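Thanks, everyone; I would like to take a few minutes on one model, beginning with a single side chain and then moving on to a helix. Please have the view open as I talk.

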Amino acid sequence: MSLVSSANVNDRLLWRTFSKYINLVINLIINLVISSMYMDRDQECPPPLLAEIAKYGKNANLGLVIGTDANAHHQQWNSTIKDPKGKQRGECLLDAIVEQDLFLCNEGTQPTFDNGRWTNIIDLTLINSKMLDHVQKWKVKRTG
């Protein structure tokens, strides 16, 4: 998920490096928190920030949408490659999703990751119960 549309690759890489966690609170028709979260494969999964954001949304009675590069594998989101580390991360992440009363929007088998050698579903969209009526027909749109 990118919030930068610069044609300069170095600018985009710099932006991604310094914006590990981007959180925007905006007012639309409903009060909404939108979060973009990178879950580094070499860090704890899920990061403590996931619980903090979920708790904030719940306590403030706000809708919550989290787009995440989870680097985690699980059959619940149709991840096809399940290396031991990715599988363990997926189990922990799914437990956290349930524990935080979040909902997984990912449906289908369209990969969210393609590096030319393999594809997989590791990018997830999570919402809270306030968003259930607002997020419909979620899908991965193939580009390029």
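A polar atom of the Asn-120 side chain lies 2.9 Å from the backbone nitrogen of Thr-80, a polar contact in the sense of an N or O pair within 3.5 Å, where within protein one atom must be able to donate a hydrogen and the other to accept it, and where residues adjacent in sequence count only if both atoms are side-chain atoms. I should say at once that this is a predicted model, in which local features need pLDDT of at least 70 and side-chain atom pairs count only at pLDDT 80 or more, while totals for chains, interfaces and linings use all residues. Residues are numbered from 1 along each chain as its sequence is written, and side-chain values use heavy atoms, with hydrogens and water left out.

Asn-120 counts as buried because its relative accessibility is 2%, where buried means under 20% relative accessible area, exposed over 50% and partly exposed in between, with a 1.4 Å probe and protein chains only. Leaving aside neighbours within four places in sequence, Asn-120 is in contact (heavy atoms within 4.5 Å) with residues including His-73, Ser-79, Thr-80 and Phe-113.

Turning to α3, a helix being a DSSP run of H or I of at least four residues, numbered from the N terminus, its buried residues are Gly-86, Arg-89, Gly-90, Leu-93, Leu-94, Ala-96 and Ile-97. They cover an arc of only 160 degrees, taken from the directions from the helix axis to the C-beta atoms, which puts them on the same side of α3. The face turned away from that buried side carries the exposed residues Pro-84, Asp-95, Val-98 and Glu-99. Just after α3, Asp-101 takes a positive phi of about 55 degrees.

Technical notes
Helices (H or I, at least four residues) and strands (E, at least two) are DSSP runs, numbered from the N terminus.
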